[in-house]
Amino acid sequence: MNRFDYVKPSTVAEAVAAASAPGAAYLASGTNLLDLMKGNVVRPARLVDISQIKELTRIETLGNGDVRIGALVRNADLAHDAAFARDFPAVAEALLSGASAQLRNAATVGGNLLQRTRCAYFYDPASACNKRAPGAGCDARGGDTHQHAVLGWSEACIATNPSDFCVPLAALDAIVEIEGGSGRREVALEALHLLPGTTPERETVLAPGEMIVAVRLPAAARAFARHARYLKVRERNSYAFAVVSAAAGLVIENGAIKHARLALGGVAAKPWRAHQAEALLAGQPAMPHTFQQAADIALRDAKPSGDNAHKIPLARSLIMRALAAAAQGTPSRVPALPASPFSAVPGALHDA
Ligand SMILES: Cc1cc2nc3c(=O)[nH]c(=O)nc-3n(C[C@H](O)[C@H](O)[C@H](O)COP(=O)(O)OP(=O)(O)OC[C@H]3O[C@@H](n4cnc5c(N)ncnc54)[C@H](O)[C@@H]3O)c2cc1C
Ligand code: SF4
């Protein structure tokens, strides 16, 4: 491992000041960052350990009904918060489908949003990777691409964003609160991550030294609570990232869809919101043929980036399943994907 400074501030202001040094990186629980450091994939000059900043550990309901989740709230604590899971069940379901119980007990909200791609070539310093070393090339092209992008990719990079949590957050118009040297600002979760273009090393809109302090779910997102699902296809039943995933939320009145939300994971360098499919669904009957049209539109621009053409029909079929499951109504427990064999309450969204 390389030499680095280590500081442990106790306030956001101290953390932001400490992170203004060149090459600084925030350390939350380290389940991603420390792996990358041990593998010599990233070499921060300074670690700003934010794990003791108490003000970032709260889940609170604001006066306007929005729910504000501090950046250091643990993934497991958020998923098992009864009020949160009741109001935003697809978010809880996505969190419970991620990683393992042990990891979810450690992983934080901010760390999950900013975890790095799982492209195997990115993790291997012996491989050429434009994201790790701009201009180096991309060994994934022509390599093993079964996990890579089918939407929004570029010649420079075909990696995907691995987060489950971000997918329903994108669907529900979540807002990210960011603190930096010049104060606080907000961006839509949907706009936080960038497509690779010619600069795949630039993964988010965060400026150097900026820190995520919270994520907010708007009060209006509760409208989807009764008809919401997150479905994830993975290569084994636990401890695996999504091959593809889909978050679906519907407001249904008299058998017709009044409003729809749809986002995909595992298909692009960012959580992929399917706006055109949502527009098609509005006003239509909640029926399989409507879901099929929505899935077709959502994948209309998809193209393989290698030997991953299978992801396109897989995503299409998953969208239809997620919409149909959402239309049936949100279950009080998640039946299909036990979160982990090690979880004490596999699949539970909240106490019955
Ligand atoms: C075996 C394994 C399986 C996994 N499976 C899944 C899965 O199925 N689904 C899934 O979604 N995830 C999965 N994960 C990823 C896991 O969810 C992430 O490692 C975790 O969410 C990162 O959180 P952390 O607090 O440990 O972040 P850290 O590792 O501390 O940080 C991650 C990154 O975020 C930055 N960062 C952290 N907090 C902030 C902040 N507040 N502001 C600015 N920057 C910040 C860090 O600098 C770093 O770049 C898996 C991980 C492992 C090891
Ligand atoms: S796909 Fe992106 S992350 Fe993977 S090797 Fe190519 S440039 Fe690097």
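Tutor: Helices (H or I, at least four residues) and strands (E, at least two) are DSSP runs, numbered from the N terminus. This is a predicted model, where local features need pLDDT of at least 70. Residues are numbered from 1 along each chain as its sequence is written.

Student: Thanks! Where is Gly-135 found?

Tutor: Gly-135 is exposed (over 50% relative accessible area, 1.4 Å probe, protein chains only), with a value of 75%. Its place is the loop between α7 (109-114) and α8 (166-171).

Student: How far apart in space are Gly-135 and Arg-222, C-alpha to C-alpha?

Tutor: In sequence, Gly-135 and Arg-222 are 87 residues apart. In space, their C-alpha to C-alpha separation is 44 Å.

Student: Which loop holds Asn-254?

Tutor: Asn-254 has a positive phi, near 55 degrees, though it is a residue other than glycine. Asn-254 is exposed too, with a relative accessible area of 85%. The loop is the one between β10 (244-253) and β11 (256-265).

Student: Is Asp-173 buried or exposed, or partly exposed?

Tutor: Asp-173 is not a glycine, yet has a positive phi of about 60 degrees. Asp-173 lies in the loop between α8 and β6 (175-180). Buried means under 20% relative accessible area, and partly exposed lies between that and over 50%. At 33%, Asp-173 is partly exposed.

Student: What arc do the buried residues of α12 cover around the axis?

Tutor: Helix α12 spans residues 311-328. Its buried residues include Lys-311, Ile-312, Ala-315 and Leu-318. They sit on the same side of α12, because their arc (taken from the directions from the helix axis to the C-beta atoms) is only 165 degrees.

Methods:
Chains are lettered from A and ligands numbered from 1 in the order in which they are written. This is a predicted model: local features need pLDDT of at least 70, side-chain atom pairs count only at pLDDT 80 or more; totals for chains, interfaces and linings use all residues. Side-chain values use heavy atoms; hydrogens and water are left out. The expected span of a helix is 1.5 Å times one less than its number of residues.
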